[in-house]
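Q: Please give a close look at one part of this model, namely how its strands pair and turn. Set that part in the context of the chain as a whole.

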Amino acid sequence: EKSIFDKGTMMGYAIEQKAKHPDKIVLVRIGDFYETYGLDAIILCNHASLNLMKSDIKAGCPWRNVQKTLDSLTESGFSVVIYEEISEVDAGPGPSGKPASKMKNRAQSFIVTPGRRTYPHALTLKRDLEEFPADRPYIGIKGSPSSGYFVVEISLEDKRLTPHSRLNEEAVHHP
């Protein structure tokens with residue numbers, strides 16, 4: 001009897017990929033949905049306001065909502081590894097001579113992190129290009145009200161540091 005955890009099942013595939021990326025949420029494209037399993041599914045539900053699917057511990061979102069889901073996860077500090085369907089392969093006839101069904105191949109497509117939040121897959125060739133949101137910078141603050149504050153803005157996307165010195169408390173609170 002085949003288990004949902006066996007090699008060759010989607011759950012088995014997700015378990016294999018999770019072993020390669022234990023510190024990331026594994027999101028796998030299945031048709032028009034991106035799905036995740038186990039603890040990753042629970043995290044997805046808690047941080048992206050999604051619901052568990054069926055009786056298995058799995059959750060997902062339609063492909064149209066993947067960037068919104070990724071934004072919710074990265075805003076909470078999570079990194080996500082994304083696997084896409086890359087093609088259908090005709091496996092040919094099996095040992096019994098019966099034609100085998102078509103199997104989907106999947107490959108790692110991208111890793112989205114809090115510092116690199118935009119998932120560019122399938123967006124670059126669209127005619128109606130969407131405006132990509134700029135990743136928010138990191139901010140470091142040192143100082144005191146009496147001596148003034150030193151603030152450094154770090155943009156990973158632009159690979160830029162912008163220092164600001166001798167700021168008063170009001171300047172630190174307002175961008």
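**Strand pairing and turns**

A: The protein chain has four helices and nine strands; both are DSSP runs numbered from the N terminus, with helices (H or I) needing at least four residues and strands (E) at least two. This is a predicted model, in which local features need pLDDT of at least 70 and side-chain atom pairs count only at pLDDT 80 or more, while totals for chains, interfaces and linings use all residues. Residues are numbered from 1 along each chain as its sequence is written, and side-chain values use heavy atoms, leaving out hydrogens and water.

Read from the N terminus, the order of elements is α-β-β-α-β-β-α-β-β-β-β-β-α.

The part in focus is strands 7 to 9. Strand 7 (residues 138-144) runs antiparallel to strand 8 (residues 148-155), with seven bridges between them; pairing requires at least two DSSP bridges. Within this pair, I141 is opposite V151 of strand 8. Three residues make the hairpin connection from strand 7 to strand 8.

Strand 8 also pairs with strand 9 (residues 160-167), again in the antiparallel sense, over six bridges. Here V152 faces P163 of strand 9. Four residues separate strand 8 from strand 9 in their hairpin, and K159 in that turn has a positive phi of about 55°.

For the chain as a whole, 33% of the 175 residues are buried (under 20% relative accessible area, 1.4 Å probe, protein chains only). Of the contacts with a separation of 6 or more, 40% join residues 24 or more positions apart, a contact being heavy atoms within 4.5 Å.

Notes
Buried means under 20% relative accessible area, exposed over 50%, partly exposed in between (1.4 Å probe, protein chains only).
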